[in-house]
Amino acid sequence: MTYPIITKERHPDDTWRLPDYEQARAAFTWGEARTWLSGLPDGGGLNMGFEAVDRHVEAGHGAWEALRCVAADDSVTGVSYADLAAETSRFANVLAGLGTAPQDRVFTLLGRRRELYTAALGTLRAGRVLCPLFSAFGPEPVRQRMALGDARVLVTTEALYRRKVEAIRPLLPGLAHVLLVGAVTDPPEGTRVLEHLMAQASPVFTVPPTDPEDMALLHFTSGTTGTPKGAVHVHDAVVAHHATAAFALDVGPRDVYWCTADPGWVTGTSYGIIAPLTHGATLVVDEGEFDVHRWYRILDTQDVAVWYTAPTAIRMLMRATPRGGDRSLPGPYDLSSLRFIASVGEPLNPEAVVWGQEVLGLPVHDNWWQTETGAIMIANYASSDIRPGSMGRPLPGVHAAILERGQDGRAAVTDGHVRQVSRPGVEGELALRPGWPSMFRGYLNDRARYEACFVDGWYLTGDLAKRDRDGWFWFVGRADDVIKSAGHLIGPFEVESALMEHPAVAEAGVIGRPDPVVGAVVKAFVSLRPGYEAADALKRELLAFARQRLGPAVAPREIDFDQNLPKTRSGKVMRRLLRARELGLPEGDLSTLESPA
Ligand code: ATP
Ligand code: MG
């Protein structure tokens, strides 16, 4: 099915405006953006913590609201930029007082709560390295990452410490300090109560001169394809955070902004904390759990203007609020403050874009990036039209290409050289020309793996994509997930999106099952919307539906119903696990699996 292009109306004059895409691409340079942000001609001295908080206080905007914490019971606490500067200074002084040194690693194991933001930004302003973990990780993933990352400080809660850290503490001899936030009834041995330390610390901490190449963040990848890797990012990345948030998220000063990503994932830090604050926005900090009503309620009561979320969340809303439905949702909620919606992490099915337009009154803007790229690279530029199903175009300052692929789906390398695909519509490996500020500087302790990402002056992403004749990029699949069947290369995304056009289908995950005749047959795992029953008749109907949309070469040959598709904590369907289960193979690293069965 082809979806019509969604055209944009210009914003009313009183909101943030962007130059046209072509104009911005022609005029933009990272160097100028760096100079502008740092305020220095050589662009030096950038510090993520400072650019996110102090810059606004120095400009006289200390009273602006930086955080708006919405507790599980919906009570709201606001934190001004001036308060945030004082709190993060106290935290920086606590770190210094403990005897930690610049570049020491500070881990957080916390859900979304005020103290997480204080710790994260305080760590950055102190020139220590921030490494946020998912609070839902079990003890082993926590141990693995803290050991690999050489954790010196951990910030967590008493309950999380007892459940996940106490038993593994002896295995982490380098972990010198554990700071507990929130109510502490009985601090376990070897831990301190952060609140007490904060009360004694000075609210003034001058950001030390920071080299833009100093390490700032250590982020583990989602582990979708294997063991998570630790990507190293430096302070200079804030230049990319700032610029891309304007281009791809349309966020500006005092916008109420809500990023639903968990801070344990790169999106939840780069765009959940740093980027929007550099713009002087107000961040909604949702301390509750996902719940369709709660989410609509927050959009309504907090007057959210810019909303950054993920396909899986949108699909959950779609499940509860179908197109052409009875409008009992979002019916009673007033979403009129909402100006912009964006999504990342997984391919965004065109159906979801159109759903946004119809049900929320706004299309969803897809954007693509990786933990390694540190910032959004390819996106539906805020003021451009949308082609549903396309991840958009390279942002200003970003140079992307499609490289001719070899047998294994990855770029074909001959004598150290690769070739760009020149014809529109031809699939190949997506590659980027290095040189943007938030590019990762290495995988921690794995030089060889890092170097293997670069060939012939390109960074190879491991994703397959194609470009249309107007320069829009279309995601095909991860090289590892692509299915080779009877001479065709099939991207799971295409098949999943087609299935999602059927009203019964809430979500789908598609894999190749080895077959002696055709190489692999396409098999789909499908979760159903409420009101549909997992019956053979429906299976047959879906098979026929997919065949009609996709043709017999690409359509799935088999369908299984599965209401609990395995997902990473960052919301990605783990196709490798579907494959392993299907074939009875070892399940591999499951540390990032959302709810291990
Ligand atoms: P690992 O590298 O450990 O296997 P991961 O690649 O899932 O995990 P992330 O860095 O969180 O770790 O995710 C980046 C990947 O997510 C991209 O390479 C791409 O495959 C996928 N992705 C992100 N955004 C999009 C998007 N808009 N459309 C399609 N795929 C996307
Ligand atoms: Mg990856």
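Ligand 1 sits in the second largest pocket of this predicted model, and that is a good place to begin our walk. How much of the ligand does the protein cover? Of the 620 Å² of accessible area that ligand 1 has on its own, the protein covers 97%.

Let's see who the neighbours are. A shell of 21 residues surrounds ligand 1. The closest of them are Ser-222, Thr-224, Thr-225, Asn-367 and Thr-371, so try finding these five in the structure first.

Which elements of the fold give two or more residues to this shell? They are strand E14, running over residues 364-368, and strand E22, running over residues 473-478. Strand E14 makes the largest contribution, with three residues of the shell.

Now zoom in on individual atoms. Asp-366 places a polar side-chain atom 2.8 Å from a nitrogen atom of ligand 1. Gly-345 takes part through its backbone instead: one of its backbone N or O atoms lies 3.2 Å from a nitrogen atom of the ligand. Lys-572 meets an oxygen atom of ligand 1, and here an N or O atom of the lysine side chain is 2.7 Å away.

With the pocket in view, step back to the chain itself. An unreviewed UniProt entry annotates residues 65-444 as "domain: AMP-dependent synthetase/ligase". This span is 29% helix and 22% strand, and its end C-alpha atoms lie 36 Å apart. The unreviewed entry also lists residues 494-572 as "domain: AMP-binding enzyme C-terminal". In that stretch, helix makes up 28% and strand 32%, while the end C-alpha atoms are 16 Å apart.

How confident is the prediction? The chain has a mean pLDDT of 94, and 98% of its residues reach 70 or more. For the model, the scores are ipTM 0.99 and pTM 0.95. As you explore, remember one rule of reading: where pLDDT is low, predicted coordinates should not be read in detail.

Conventions: Residues numbered from 1 in each chain as written. Chains lettered and ligands numbered in written order. Predicted model: local features only at pLDDT ≥ 70, side-chain atom pairs only at ≥ 80, totals over all residues. Heavy atoms only, no water. UniProt positions renumbered as here; feature names shortened; annotations may be inferred. Helix = DSSP H or I, 4+ residues; strand = E, 2+ residues; numbered from the N terminus. pLDDT = per-residue confidence, 0-100. Near = heavy atom within 4 Å. Polar contact = N/O pair within 3.5 Å; in protein donor to acceptor, adjacent residues only side chain to side chain. Areas by Shrake-Rupley, 256 points an atom, 1.4 Å probe, with all protein chains shown as cover. 1 Å grid on protein atoms, 1.4 Å probe; cavity = no way out; pocket = protein on both sides within 12 Å on 5 of 7 lines; lining within 4 Å. Sits in = over half its atoms within 2 Å of the grid points.
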